[in-house]
Amino acid sequence: MDDLRTSLERIRGQFDREARAAGSSQELENLRVRYLGKKGELTSVLRLMGQLPAEERPAAGQAANETREAIEAALAERVAVVAAQERTLRLSEEKIDITLPGIRRPMGARHPLSKAADEICDVFLGLGYSIAEGPEVELDHYNFEMLNTPAGHPARDTQDTFYISDSVLLRTQTSPVQVRVMESTRPPIRIVCPGRVYRSDTIDATHSAVFHQIEGLAVDKGITMGDLVGSLQLYARRLFGEETKIRLRPHHFPFTEPSAEVDVSCWVCGGKGCRTCKGEGWVEMLGAGMVHPKVLVGCGIDPEVYSGFAFGIGVERTAMARFGIEDLRAMYENDVRFLSQFK
Ligand code: DAH
């Protein structure tokens, strides 16, 4: 009997120590199985009862029950404490602080070249033009021949070209799109053709072997140079301010007659002369003219009935002027510090 009591006390003491040390519900569950389960410590002690004399058994049974109840009560208490701790921990881990500001995703910006091209196209879209596009890998036929620039013409030399074969090249200008459109469409025609062009040029602050133009073309009955001037005047005002003037200087392009280079009055000094316009008061922005009768005829359009004007605007030049960019290389280097200024 005394042996049994000693065993029960040892079990009880050992349980209390282990229960205090157990830090998780799982550990407590393991304890429950080990002490109270069918193969548990308490059960094996109770088996000893069989060896006791009959008169001692009731007292022994009571002692054993008391121990079991004490262990159960202590376990329940400890389970409650640990479960509460676990819950608190989980809540703190799962906590979302909705008062924190969100993660700011950096917003991209339009590239200055895209921006300038869009602004130019918008002026003409507003006048009823539509957008046309052509291939960058172009036939000599469209890039030169059909534009009244036959083999051996000096104008070819000034557009030193990347040839792919004798008859295929990287287009040097967006003008071939004019021809493609006039071949396949009957007047009235009003188009702008934005696109990339290529010339074998050495890169510096104002030149690049790859650059962008926007070609414009209007063909209809009774189109005059006055229409050309009015349309370009609108472009200049929209992009560089209402005070802006344009100036036409006589020039030569094989595919227009008459031809002109078009200057825009300096948007910095207003025409007085400054660093930006190199003291001129004017900055060259594009080429233009009345479509040459030979070009019209080549496309099956009767120059006795129809006339048209055309122009080619430099997108880089426009962007540099519009946004005050001094070196066009900045627009090709993809430096985010530069690009992010155009938001
Ligand atoms: N294609 C010419 C160039 O790249 C620019 C140009 C001039 C286009 C006169 C035209 C035009 O359509 O009429 O230098």
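**Ligand shell and helix α9**

A polar backbone atom of Ala310 sits 3.1 Å from an oxygen atom of the ligand. The model is predicted. The points below cover the surroundings of the ligand and then helix α9, which spans residues 225-240.

**Polar contacts of the ligand**

- In the side chain of Glu215, an N or O atom is 2.5 Å from an oxygen atom of the ligand.
- Phe311 has a backbone N or O atom that lies 3.3 Å from an oxygen atom of the ligand.
- On its own the ligand has 360 Å² of accessible area, and the protein covers 92% of that.

**The shell around the ligand**

- Two or more residues of the shell come from each of α8 (175-184), β5 (210-220), β8 and β9.
- The ligand is surrounded by 15 residues, and the closest are Gln173, Ser175, Arg199, Gln213 and Glu215.
- By type, the shell residues are 5 nonpolar, 8 polar and 2 charged.

**Helix α9**

- α9 has 16 residues, and the distance from its first C-alpha to its last is 22 Å, close to the 22 Å expected at 1.5 Å a residue.
- At the start of α9, the backbone nitrogen of Gly226 has a side-chain oxygen of Thr224 within 3.1 Å.
- Gly241 follows α9 and has a positive phi, near 110°.

**Packing of α9**

- Leu228, Ser231, Leu232, Gln233, Tyr235, Ala236, Leu239 and Phe240 are the buried residues of α9.
- These buried residues pack against two helices, α5 (112-125) and α11 (315-323), and against the strands β6 (246-253), β7 (256-265), β8 (282-291) and β9 (307-314).
- β8 and β9 thus appear in both topics: they give residues to the ligand shell, and the buried residues of α9 pack against them.

Methods. Residues numbered from 1 in each chain as written. Predicted model: local features only at pLDDT ≥ 70, side-chain atom pairs only at ≥ 80, totals over all residues. Heavy atoms only, no water. Helix = DSSP H or I, 4+ residues; strand = E, 2+ residues; numbered from the N terminus. Expected span 1.5 Å × (residues − 1). Buried < 20%, exposed > 50% of the residue type's maximum accessible area, 1.4 Å probe, protein only. Contact = heavy atoms within 4.5 Å. Polar contact = N/O pair within 3.5 Å; in protein donor to acceptor, adjacent residues only side chain to side chain. Near = heavy atom within 4 Å. Areas by Shrake-Rupley, 256 points an atom, 1.4 Å probe, with all protein chains shown as cover. Nonpolar A, V, L, I, M, F, W, Y, C, P; charged D, E, K, R; others polar.
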